[in-house]
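Let's take a walk through this one together, starting with the strands and ending at the ligand. Have the viewer open as you read.

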Amino acid sequence: MKLIASLTSPYARKVRIVLAEKHIECDLQVDIPWNEDTHVPDYNPLGKIPVLVLDDGTAVYDSRVIAEYLDHASPVHNVLPKDARGRIAARRWEALADGICDAAATIFLERKRPEAQQSPDWIARQQLKIERGLATASRDLADRVWCVADAYTLADIALGCALGYLDLRFPSIAWRDSYPNLAGLMQRLNERPAFADSTPPKA
Ligand SMILES: N[C@@H](CCC(=O)N[C@@H](CS)C(=O)NCC(=O)O)C(=O)O
């Protein structure tokens, strides 16, 4: 089994953390989908990472599907709650966290375009998604230790990856000052080897 991923993608990091928490062996093939020599479209017609390539050649995407696949693949440390209610709650957290990443990545890409072609309205729209997303995450986490059912789940993994991505691409967003409970969660997450070992490189 191999995972096609970049080291900065928050979606790929989510999958790498699930692999580590579940102690599943998997080769990592680093591929940057923006590079001309990328092989990602050979595995995913959408040209996006992460892609998990199974031993029989089946390509599994996107990160949410991969996470579910991996959770079923091994009984070690299930990251999705067994009960339907808990599962939906964890999935909703994941959708929120991934949505924050989508908005942040959209701004990052927009700002790479020539300045005259950039749309301030488009950027402002994405910024609002990030602001509302963080406010909602903080409100819903409240004073609990973990996002769902007092246990460390995919919800926490996804949120931690989104917060880590903001640190990487938008260090000026002072989310730790605005939301101390999210800062506390990030600190707990960074104590886990799966998080510490997958911190995105600054380059
Ligand atoms: N919903 C997808 C998002 C994946 C995604 O957007 N990956 C980015 C890297 S962070 C990518 O491959 N972008 C290349 C492109 O959009 O062409 C997932 O969860 O896997």
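Two strands count as paired here if DSSP finds at least two bridges between them. Keep in mind, too, that you're looking at a predicted model.

With that in hand, look for the sheet. Four strands make up an open sheet, running in the order E2-E1-E3-E4, and the pairing is mixed. At its edges sit strand E2 (27–30) and strand E4 (59–60), each of which pairs on one side only. Now zoom in on one of the pairings: strand E1 covers residues 2–5, and together with E2 it forms a parallel pair over four bridges. If you'd like a handle on that register, find Lys-2, whose bridge partner in E2 is Asp-27.

Next, the ligand. The space it takes up is the largest pocket. Which residues are around the ligand? They are Ser-9, Tyr-11, Pro-33, Trp-34, Gly-47, Lys-48, Ile-49, Pro-50, Asp-62 and Ser-63. Sorted by class, that shell comes to five nonpolar, three polar and two charged residues.

Some of these neighbours also make polar contacts. Ile-49 does so through its backbone, with an N or O atom 2.9 Å from a nitrogen atom of the ligand. Asp-62 uses its side chain instead: an N or O atom there is 2.9 Å from a ligand nitrogen. For Ser-63, an N or O atom of the side chain lies 2.5 Å from an oxygen atom of the ligand. As for burial, the ligand on its own has 510 Å² of accessible area, and the protein covers 80% of that.

Methods. Residues are numbered from 1 along each chain as its sequence is written. This is a predicted model: local features need pLDDT of at least 70, side-chain atom pairs count only at pLDDT 80 or more; totals for chains, interfaces and linings use all residues. Side-chain values use heavy atoms; hydrogens and water are left out. A residue is near a molecule or strand if one of its heavy atoms lies within 4 Å of it. A polar contact is a pair of N or O atoms within 3.5 Å; within protein, one must be able to donate a hydrogen and the other to accept it, and residues adjacent in sequence count only if both atoms are side-chain atoms. Accessible areas come from the Shrake-Rupley method with a 1.4 Å probe; for residues, only the protein chains shown count as cover. On a 1 Å grid over the protein atoms alone, a cavity is a set of points where a 1.4 Å probe fits but cannot get out, and a pocket is an open set with protein on both sides within 12 Å along at least five of seven lines; lining residues have an atom within 4 Å of a point. A molecule sits in a cavity or pocket if more than half of its atoms lie within 2 Å of its grid points. Ala, Val, Leu, Ile, Met, Phe, Trp, Tyr, Cys and Pro count as nonpolar, Asp, Glu, Lys and Arg as charged, and the others, Gly among them, as polar. Helices (H or I, at least four residues) and strands (E, at least two) are DSSP runs, numbered from the N terminus.
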